[in-house]
Amino acid sequence: MELNNKNVSTHTHTHTLYKGDCLEIMKDIPDGSVDLVVTDPPYGIDLKPQRENGKFKNTKVKNDDNLKWLPIFTEELYRITKNVACVFCGWQNIDKFKMEFEKRFIVKNILIWNKDWFGMGNNYRPNYELILLLCKTNVKTKSNNKSNILTYRRKSPQKMTHSCEKPVILLEDLITELSNENDTILDTFMGTGSCGEATIRNNRKFIGIELDDTYFEIAKNRIEDTYNELNNTETI
Ligand SMILES: C[S@@+](CC[C@H](N)C(=O)[O-])C[C@H]1O[C@@H](n2cnc3c(N)ncnc32)[C@H](O)[C@@H]1O
């Protein structure tokens, strides 16, 4: 894919990483050029993490205090996606996400990620997040009898570098069910690069965008480490 390389921070034959605002950077991605989008945006809930060990206390996710980005994002997402997109969401704003996406996409399903591990809280402690499965025409999973509940234990807070980090195995499930080898997968809100790791471990090409300098560096190192690990293995 030919990309305008303004803002490109890293480019190899497996991954292209951009540091910046995805609403701007998506404008440079050609129409219908992305085979699958898997992304985990800020949920618009002004999350104030209170993790067990206090590690993420006082950390905030950029743009988590508003959903002003959602309409422009939806337009750009529709334009650049060939057919399918998976967008994570919390229960709090699922109505707003769904209504916005329905202006363009078919909302084919709302998957549940069962985290198999309670988060902090008092009553009905949080144990799931949602994934909107969007398409332009239809979606076909590779497996025949695929449940819409995906159960993968979340990483322990001690091992996480982002308060919203997703397990690679969950992202691998989405990517392998919904795309083919050598396809291009895009994550517009890359965080620590878990989707990038899942993508290149499964022989797909990755485009990642992240606004925050610190998370961008974490993602870049993680994806490069994965790339080097896989390349070394291949040459042994
Ligand atoms: C929920 S987190 C993603 C976490 C990621 N799934 C992981 O496993 O590490 C959302 C990320 O989007 C980033 N972000 C917020 N607004 C953005 C924007 N306009 N463009 C690009 N990244 C943005 C935040 O800095 C944050 O790291």
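Biologist: How many bridges join E1 to strand E2?

Modeller: Keep in mind that this is a predicted model. Strand E2 covers residues 15–19, and E1 and E2 run antiparallel. In this pair, Val 8 stands opposite Tyr 18 in E2. The number of bridges joining E1 to E2 is three.

Biologist: OK, so which strands are the edge strands of the sheet?

Modeller: Let's lay the sheet out: it's open, with mixed pairing, and its nine strands go in the order E1-E2-E9-E8-E3-E4-E6-E5-E7. An edge strand here pairs on one side only. That gives us strand E1 (8–11) and strand E7 (149–151).

Biologist: By how many degrees are neighbouring strands of this sheet turned against each other on average?

Modeller: Here we ignore direction and just look at how neighbours in the sheet are turned. The average comes out at 20 degrees.

Biologist: Which helix lies across E2, E3, strand E8 and E9?

Modeller: Helix H2 (residues 70–80) lies across strand E3 (34–39) and strand E4 (81–89), running at about 140 degrees to E4. The helix you're after runs at about 175 degrees to E9, and strand E8 here is 184–187. It's helix H5, residues 194–201.

Biologist: Now the ligand: which residues come nearest?

Modeller: There are 23 residues around the ligand. Helix H1 (22–25) and strand E9 (205–210) each supply at least two residues of that shell. By kind, the shell divides into 11 nonpolar, five polar and seven charged residues. Those that come nearest are Asp 40, Cys 164, Phe 189, Gly 191 and Thr 192.

Methods:
Residues are numbered from 1 along each chain as its sequence is written. This is a predicted model: local features need pLDDT of at least 70, side-chain atom pairs count only at pLDDT 80 or more; totals for chains, interfaces and linings use all residues. A residue is near a molecule or strand if its C-beta atom, placed from the backbone, lies within 6 Å of it. Helices (H or I, at least four residues) and strands (E, at least two) are DSSP runs, numbered from the N terminus. Ala, Val, Leu, Ile, Met, Phe, Trp, Tyr, Cys and Pro count as nonpolar, Asp, Glu, Lys and Arg as charged, and the others, Gly among them, as polar. Two strands pair if DSSP finds at least two bridges between them. Axes are lines fitted to C-alpha atoms, for helices over the stretch in contact, and angles run from 0 to 180 degrees between N-to-C directions. Two residues are in contact if their C-beta atoms, placed from the backbone, lie within 7 Å.
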